[in-house]
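Here is a brief report on one protein model. It covers charge pairs, a helix and the surface.

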Amino acid sequence: MINTTGEAATETKPLPKPKSGVRTALEYTGIPSSWLDKRPRLPSRNWLIFLTVTTSVASYYIYDRRECKRIRLSYVDRVKHLAEEPLASSAMPRKVTVYGSKWPGDEEYDRSIKYFRKYVKPILVAAAVDYELVNGRKLGDLADRIADEIKARRRVEAGIEEPPRSPVELPNQPTPEERKQRVLEGGIVIVGRPTFKEFMTGLKRGWTESMAKIDREDALAQELASDGRFDEPVDPADNIEVGSLDGEPIPTKSRLPPSALFSPIRPPPPGLTTSQPPSSIPEHLDSPPTAIPALPSLLLVPFINHVGFKQIPIMIWGFFNERHKVRVGSEAGYRLVMNQTRPFVSPDTNTSSLSEEEASSSPVSSYTQGGDLDFSSNAEQYYNKFFTPEEIEKARKGYYDSLPAKLEVARALARGTREPTKEETNNPPPTEVELRAERLKKELRWRGDLAGWDIVKPGQLVPWDDRFTDTLRVFDDPSLSIDD
């Protein structure tokens with residue numbers, strides 16, 4: 001610009017503000033100066049929503065996990081002094097047996113055992129209580145195992161069998177009476193409603209049924225051998241040759257009885273061989289005892305396994321409320337460690353007066369037996385639609401529909417009536433022996449699943465025997481409680 005005097009006017013630029021020492025130091029660290037020149041401002045609306053939700057969820061998760069740690073430590077502090085008490089040189093620590101069964105509808109059979117390890121085990125470990133895990137891989141496995149163990153105990157006490165002995169006798173070993181006393185002083189941990197039903201079923205079977213040994217697989221093999229599934233169709237025009245001496249038809253390989261064809265897994269039909277021999281145990285020894293000896297006290301641990309798409313909201317809620325499971329598990333472990341027991345509360349309803357049809361047709365929430373038999377009965381509503389016997393019947397029908405074609409191929413190749421195809425040469429089809437073994441394996445699983453489902457299904461009453469009233473005891477809540 002030119003002013004009135006004709007002289008050029010010079011523009012004056014404002015002097016830059018002096019840099020502070022903090023800014024200078026930050027620039028020397030390599031931070032771009034453009035970052036330092038920006039003025040802070042509030043985030044946008046979407047960012048505010050995102051930060052609010054994320055912070056709330058993270059804060060609730062952190063709070064829940066801190067509470068889990070606090071609750072567990074509070075119970076650990078109250079029992080850890082028991083681990084510091086000295087033991088005699090020949091004494092053994094207290095030991096309990098933990099039972100867990102498969103949850104209906106879940107492929108992972110050890111979910112109940114995982115629940116015990118996560119929530120109950122820390123309290124037992126802090127108190128130096130040993131434990132033994134027993135887990136059923138399929139529905140009904142636990143009931144069969146408990147029943148077999150009780151029957152074996154009855155045979156030993158009746159003098160029919162010798163008690164198990166160690167191959168090497170070591171000095172200072174506990175006597176059988178001392179081992180029984182240690183078992184009684186330990187306890188039994190039952191995790192979940194299905195486990196409780198299987199335990200009571202096995203308990204009643206063991207003290208009620210005959211104590212004779214039964215090979216379930218051999219009994220089923222004999223039953224399957226006589227049902228005609230592997231019989232060949234009779235065609236009068238085929239495989240008949242007239243003998244030169246007496247004019248009678250000479251039986252070919254297909255006409256031979258099953259016992260004439262050796263197979264390590266093909267049992268002869270009942271008409272050709274003797275079935276399983278009857279029990280050789282005298283009747284006065286094999287009858288159920290009038291009184292049941294003392295049993296270890298029971299620790300009933302509630303457990304619900306949420307499986308399925310419809311229960312995803314409950315799973316999400318449980319993920320952020322882990323402290324409730326920690327509290328329940330810690331309280332259960334604390335009851336066992338403190339060893340305060342009470343008598344088992346017998347049911348109000350006589351289970352023998354209700355038929356299976358009445359029990360299975362009634363809704364889950366409408367039937368009660370009363371007493372401790374209603375332990376965690378609300379858990380049955382979470383698996384009532386996961387497993388249906390119709391699925392097994394459908395799989396069985398599909399298998400038996402395809403079995404005749406497989407048998408025809410196996411017998412044709414075995415007898416050489418036709419040459420194998422290129423595909424059959426590369427991948428040989430199963431032989432008749434293999435088909436029999438496969439069928440036996442499938443039937444064992446199908447029947448076991450159905451029998452196990454009949455034990456744990458919703459509405460099925462828990463087996464009860466009046467002899468259990470004076471025998472069973474339950475670990476009770478101590479008088480001391482811990483605040484939230």
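A salt bridge is a side-chain nitrogen of Lys or Arg within 4 Å of a carboxyl oxygen of Asp or Glu. By this rule the count comes to 32 salt bridges. Glu223, Glu393, Arg396, Glu443 and Arg447 form a network of them.

This is a predicted model: local features need pLDDT of at least 70, side-chain atom pairs count only at pLDDT 80 or more, and totals for chains, interfaces and linings use all residues. Residues are numbered from 1 along each chain as its sequence is written, and side-chain values use heavy atoms, with hydrogens and water left out.

**Charge pairs**

Three of the salt bridges are tabulated here.

| Acid | Base | Closest N and O atoms |
|---|---|---|
| Asp148 | Arg216 | 3.3 Å |
| Glu209 | Lys151 | 2.8 Å |
| Glu161 | Arg155 | 2.9 Å |

Asp148 lies in helix α5 (residues 141-157) and Arg216 in helix α8 (residues 216-225), so their salt bridge ties together parts 68 residues apart in sequence. Helices (H or I, at least four residues) and strands (E, at least two) are DSSP runs, numbered from the N terminus.
Glu209 sits in the loop between α7 (193-208) and α8, and its partner Lys151 in helix α5, 58 residues apart.

Burial uses relative accessible area: buried is under 20%, exposed over 50%, partly exposed in between (1.4 Å probe, protein chains only). Lys151 is buried at 7%, whereas Glu209 is partly exposed at 35%. Arg155 is buried at 9%; Glu161 is partly exposed at 25%.

**Helix α3**

Helix α3 holds 39 residues (45-83). The expected span is 1.5 Å times one less than the number of residues. That gives 57 Å, and the end C-alpha atoms are 57 Å apart, which agrees. A kink of about 40° is centred on Asp77; the bend is the angle between axes fitted to the seven residues ending there and the seven starting there.

Buried residues of α3 include Asp64, Glu67, Cys68 and Ile71. Their cover includes α4 (111-126), α10 (312-319) and α11 (322-338). Arg70, also in α3, is partly exposed at 34%. Arg70 and Arg323 are 253 residues apart in sequence and 9.3 Å apart in space, C-alpha to C-alpha.

**Whole chain**

The chain has 15 helices and 8 strands. Of its 484 residues, 33% count as buried. With contact meaning heavy atoms within 4.5 Å, residues 24 or more positions apart account for 84% of the contacts with a separation of 6 or more.
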